[in-house]
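Thanks for making time this morning; I would like to walk you through a structure that may be new to most of you. Please have a look at it first, and then we can go through it together.

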Amino acid sequence: MLLLRDFEELTIAEIAERPDEQQGAIKSRLHRARELVREYMRGSDVAVSSSSMK
């Protein structure tokens, strides 16, 4: 999901067109994935601003 949204720049609606995907679930998974990336980067001493992860 994170790759589709942030790197492929697909919209939530475009991702939801995939079989078995709903917009609410996609938003939830994206939020969780971004939180995991933030936590990983904090543990790696990499500077992360909240605006860069939106």
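How much area does the protein expose, and what percentage of it do carbon and sulfur atoms supply? The protein exposes about 4,400 Å², and carbon and sulfur atoms supply 50% of that area. I should say at once that what you see is a predicted model, so please keep that in mind throughout.

Let me begin with the overall layout. The secondary structure comes to 3 helices and 0 strands, and the elements, read from the N terminus on, run α-α-α. Of the 54 residues in the protein, 15% are buried. If we take the contacts with a separation of 6 or more, 29% of them are accounted for by residues 24 or more positions apart.

Now to the interior. In soluble globular proteins, nonpolar side chains tend to be buried together. In this model, the largest nonpolar core has 5 residues, namely I12, I15, A16, I26 and L30. Two elements, α2 (12-16) and α3 (23-43), give two or more residues each to this core, and the largest share, 3 residues, comes from α2. I26 is a helpful residue to look at here: once its neighbours within four places in sequence are left aside, I26 is in contact with M1, I12, I15, A16 and E21.

Next, the charged pairs. How many salt bridges are there in the model? The count comes to 4 salt bridges, and I will take you through some of them. One joins the side chains of R34 and D6, at 2.7 Å from N to O. Because R34 lies in helix α3 and D6 in helix α1, this pair ties together parts that are 28 residues apart in sequence. As for their surroundings, R34 counts as buried, at 16% relative accessibility, whereas D6 is partly exposed, with a relative accessible area of 32%.

R29 forms another salt bridge, with E21 as its partner, and the closest N and O atoms of the two are 2.7 Å apart. R29 is partly exposed, with a relative accessible area of 40%. You may recall that E21 also appeared in the list of residues in contact with I26.

A further salt bridge is formed by R42 and E39, whose closest N and O atoms are 2.8 Å apart. Both residues lie in helix α3, 3 residues apart, which is about one turn of the helix. E39 counts as partly exposed, at 47% relative accessibility.

Staying with helix α3, let us turn to R38, which lies in that helix. Is R38 buried or exposed? With a relative accessible area of 13%, R38 is buried, and its side chain makes a polar contact with the side chain of E35, at 2.6 Å.

Finally, I would like to point out a residue of the backbone that deserves a careful look. Which residue has a positive phi although it is not a glycine? That residue is E9, with a phi of about 60°. E9 is found in the loop between α1 (2-7) and α2, and E9 counts as exposed, at 62% relative accessibility.

Thank you, and I am happy to go back to any of these places on the screen.

How values were computed: Residues numbered from 1 in each chain as written. Predicted model: local features only at pLDDT ≥ 70, side-chain atom pairs only at ≥ 80, totals over all residues. Heavy atoms only, no water. Helix = DSSP H or I, 4+ residues; strand = E, 2+ residues; numbered from the N terminus. Buried < 20%, exposed > 50% of the residue type's maximum accessible area, 1.4 Å probe, protein only. Contact = heavy atoms within 4.5 Å. Areas by Shrake-Rupley, 256 points an atom, 1.4 Å probe, with all protein chains shown as cover. Core = buried A, V, L, I, M, F, W, Y, C linked by side-chain atoms within 4.5 Å. Polar contact = N/O pair within 3.5 Å; in protein donor to acceptor, adjacent residues only side chain to side chain.
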